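Me: Please take a close look at the salt bridges. I would like a connected account of where the partners lie and of how such pairs relate to the contacts between domains and between chains.

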Amino acid sequence: MNDKTIKDIVNREYQYGFKTEVEQAKTIKGLSEETIGAISAYKQEPKWMLEFRLNAFRQWKKMTEPTWANVHHAPIDYQNIIYYAEPKQQKKKESMDEVDPEMKKTFEKLGIPLMEQKRLAGVAVDAIFDSVSVATTFKAKLKEAGIIFCPFSEAVREYPELVKKYIGSVVPATDNFFAALNSAVFTDGSFVYVPKNTKSPMELSSYFRINTEGSGQFERTLIICEDNSYVSYLEGCTAPKFDTNQLHAAIVELVALDHAEIKYSTVQNWYAGDPKTGKGGIYNFVTKRGKCLGKHAKISWTQIETGSAITWKYPSCLLVGDDSIGEFYSVALTTGYQEADTGTKMIHIGKNTKSTVISKGISAQRSNNNYRGLIQIGKNASGARNFTQCDSLLVGSECNANTFPYHDVQNQSAQVEHEATTSKISDDQLFYFQQRGIATEAAMSSIINGFCKDVFRQLPQEFAVEANQLMDLKLEGSVG
Amino acid sequence: MSAHQLDDSKTYRDLLSALKPPPQTSWQSLQQASLARFQALGFPTRHHEGWKYVPVERILNTACAEKLSGVVSDKGQALLKPYFLEKTNFERIAFVDGMLDQSSSVIKHLPAGVRLISLAAALEEQKDLQERLAARLTEEPNALAAANGFQFQDGVYLFVPKHQKLTLPIHLLIAQLGHHGNALSQHLRFAVELADDAQAEIVCDHLGMTEQSYLSNTVFEFTVGRHARLKCFNIERHGRAAIHLNAMRFFLKEDARLDLLSYSHGGITTRNDLHVTFEGPNASCYLKGLAVMNDDSQTFQHVHVKHQVPNCTSRQVFKNIAAGRGVTEVNSLVHMVRDAQKSDSHQLIRNLLLSPAAHAYARPQLKIYADDVKAAHGAATGQLGREELFYLKSRGLSEKMARFVLTYGFAEEIVEDIPFPTIRSQIETDMKNEIEKLVT
């Protein structure tokens, strides 16, 4: 790999670094019981929801920010964050024509399929533009199937019993520092409920986007799959370019009951800060967890991480029900000064539970890429099985790749296997491509796509295409 | 000092006063350096990542116990005799209950220039040795290994000069016979320096002949010079109530080679800190370990291989058999710094669980800061393979016999590498008896 080629291609700008000017009505900055009360009031929430938030806030005040992750950032001033930002236009739109043209332009630039829906048939989009949903489609079709897919705040008002039953049941408000913060101040998010014996007729998709400078995003997603049901949920992110760091502390909770299956896919491409100086970018501290509560339940996480200045997340599975299955497929690409500490936790509680972890880390330029994963086999989890494979690829001599697996096996009948390798793209491979007349960059791209193939294969088709494009785009800026 | 007193509000100062400062010695500067290091690190608690699973309360209870010391009786001598390995020719230095036991030690033939003396004597003689040991302490990550620096009673200093090869392997016998009623502790320190192109074989034989509770805190520091070869065997056979903290530090210069084999059995808590640092290019290390746990026995292997320079190779295989309520932890980190290009490392951890209450922790970690390297690791935890058992049973072996054969085979892969027939056969007999109990 020659240095010149690296330098030539490194200097590519973040292509989604634009900013849409949409008027915003902001609440005051700062975190207090008053702020939380104001958010709750804006959302017209019932009293129990406010209690939930305040309780989380009181717990949060007692907690200290964790420091164990292998990432580095300036201290976060929690009083200097806008906890609620809502576009001024709040009237619900029936058709796309009514949507703010500026906003539509943003979506087009991002390639969010609001306009492409006709082409990408079968994708319902609940686009969240700075905390408030602006358009929800295919609702009728989903409703016909009995599926509820709506903004979280709407679910709190319309389906309080469901929300009350499951909120915090997977990620308790006191789970960790950032989960507590989210539980106190979350603004909106998505809510999905799939009733018994229902297979979602389409892939559900929601696009998150951070827009107002200095506004933290505290999304909350809750997906419940009743017995014998199935849903596939897609989440994708891009964000405009800003200099000040933005905190994103989301919570995703999944609940799968008997024979239910949830497939949760993420393609993440948030602004990672200036690749030359490391300035700016998003802090993505997310708690994602699924609970296989029922027998034979299955939860599958797939993530393509290419963005964020700092990523700190561990999509996890609690395998409570007997014979339940947890899966984690991940590609984490870090370039510039990006730092990622990501992985999964597979907690085997029920009998004959199985989990698979495939993690591919690609580290380029001056970035820091960590895999951290826990496989825990509980005392009663007889017959549990796990297979973990985490491979790292180093591109350039100034990056690093670390692997921190934790195995905790308390049952003798368990079978836990872990294998990992760290290496660079071999000169032999490159030479092979080159002597066939393929340029270095194209060769690199092919090799890296091959390296990630096991994960890409798990993505729904629309996303697989997007992921491939995203990797190529990112690689152009970081591989030589 | 009792277990419930160990909480966050307790500072190490309180603990220090309980640790009883040593009497006047001639290695004050080493003691000061180690005390400073211990103070900087503080007494470990379960909040420290490296001590998460280790019952530190238990260590604390014995850390300030009375130091062992005693005169070896004829009866004691008789007990030890089978472990003198007389069939193989060895140089032997024996420590019994924390004291150098002249009557059990034999020096047969040392090549010219080789020094094999007590560490206390060496420190008195050579001020620069004290400085060298003190300098290493500034990087010591383990507080209790640092504490050994001001607590140690004695030990051994071995120096092998340039181009010299030890004629006979050295047998360091560290035995506990135990006598009086109270909890006891011993603190020994060993320093080995192989000059360029030197060769040595060393057996560190930890032996517990008593069911009484005791703490053994041993620290070994090996400096292996350019082109030098070191073969080291760490054999731990402890009494059921023993607590053993064993820190082994290896510093390898250019083109040096280390072969380490570690065997642990018995003891309620055993912690082995095996650290290898490559200080010169083209060096290599081969680490192998086996631990057999039964009843309440717990073994914690903390391995840290630091590739600081280019072109070094490290290989690790650690196997554990846990039965009863046994706990095994292997926490192994391979760290390759930015300059360690062309490094090659491989780690393998295999845990065999034989009972419902046995517990295995495996952490094969990689920290890679160089791009042109190869680093691989694997870990597997499970029970005996059903198909393998079926195969053996289909050949007419009983269930018990089949389980025995498979378990023994799992362990033998490590033990068969011990080149000294007496120790190997002792360990094999030990293992056979133990595995027979484990598989029923």
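Reply: In this predicted model, the side chains of B:Arg136 and B:Glu279 form a salt bridge with an N to O distance of 2.9 Å; the term denotes a side-chain nitrogen of Lys or Arg within 4 Å of a carboxyl oxygen of Asp or Glu. B:Arg136 belongs to helix H6 (residues 127-137) of chain B, whereas B:Glu279 sits in the loop between strand S13 (269-278) and strand S14 (284-293), so the bridge ties together parts of chain B that are 143 residues apart in sequence. Helices (H or I, at least four residues) and strands (E, at least two) are DSSP runs numbered from the N terminus. Both partners are partly exposed, B:Arg136 with a relative accessibility of 24% and B:Glu279 with 26%. Buried here means under 20% relative accessible area and exposed over 50%, with partly exposed in between (1.4 Å probe, protein chains only).

Residues are numbered from 1 along each chain as its sequence is written, and chains are lettered from A and ligands numbered from 1 in the order in which they are written. Local features need pLDDT of at least 70 and side-chain atom pairs count only at pLDDT 80 or more, while totals for chains, interfaces and linings use all residues; side-chain values use heavy atoms, with hydrogens and water left out.

Over all chains there are 40 salt bridges. One of them joins the side chains of B:Glu211 and B:Arg240 at 3.6 Å, N to O. Each partner of this pair lies in a loop of chain B, B:Glu211 between strand S8 (199-208) and strand S9 (214-224) and B:Arg240 between strand S10 (229-237) and strand S11 (242-252), so parts 29 residues apart in sequence are tied together. B:Glu211 is exposed at 54% relative accessible area, and B:Arg240 is exposed at 56%.

A buried pair is found in chain A. The side chains of A:Glu235 and A:Lys288 meet in a salt bridge of 3.2 Å, N to O. The partners are 53 residues apart and link distant parts of the chain, with A:Glu235 in strand S9 (residues 230-238) and A:Lys288 in strand S13 (residues 282-292). A:Glu235 has a relative accessible area of 7% and is buried; A:Lys288, at 3%, is buried as well.

The domains of chain B come next. Chain B is divided into domain 1 (3-280) and domain 2 (385-440), with bounds from an automatic or database domain assignment. Domain 1 gives 15 residues and domain 2 gives 13 to their contact, where contact means heavy atoms within 4.5 Å. Between them the two domains bury about 1200 Å², 71% of it on carbon and sulfur atoms; buried area is the accessible area (1.4 Å probe) lost by two parts on being put together, summed over both. On the domain 1 side, B:Leu261, B:Tyr263 and B:His265 lose the most area, together 36% of what that side buries. Zero salt bridges cross this interface.

The interface of chain A and chain B brings 31 residues of chain A into contact with 33 residues of chain B. About 2700 Å² is buried between the chains, 46% of it on carbon and sulfur atoms. In chain A, the residues that lose the most area to chain B are A:Tyr406, A:His407 and A:Gln412, together accounting for 23% of what that side buries. One salt bridge crosses the interface: the side chains of B:Asp372 and A:Lys424 meet at 3.7 Å, N to O. These two residues are also linked with A:Asp427 and B:Lys342 in a network of salt bridges.

Polar contacts (pairs of N or O atoms within 3.5 Å; within protein, one must be able to donate a hydrogen and the other to accept it, and residues adjacent in sequence count only if both atoms are side-chain atoms) join 17 residue pairs between the chains, both residues at pLDDT 80 or more. Strand S23 (400-409) and strand S24 (415-424) of chain A each supply at least two residues to the side that touches chain B. That side has 10 nonpolar, 16 polar and five charged residues; Ala, Val, Leu, Ile, Met, Phe, Trp, Tyr, Cys and Pro count as nonpolar, Asp, Glu, Lys and Arg as charged, and the others, Gly among them, as polar.
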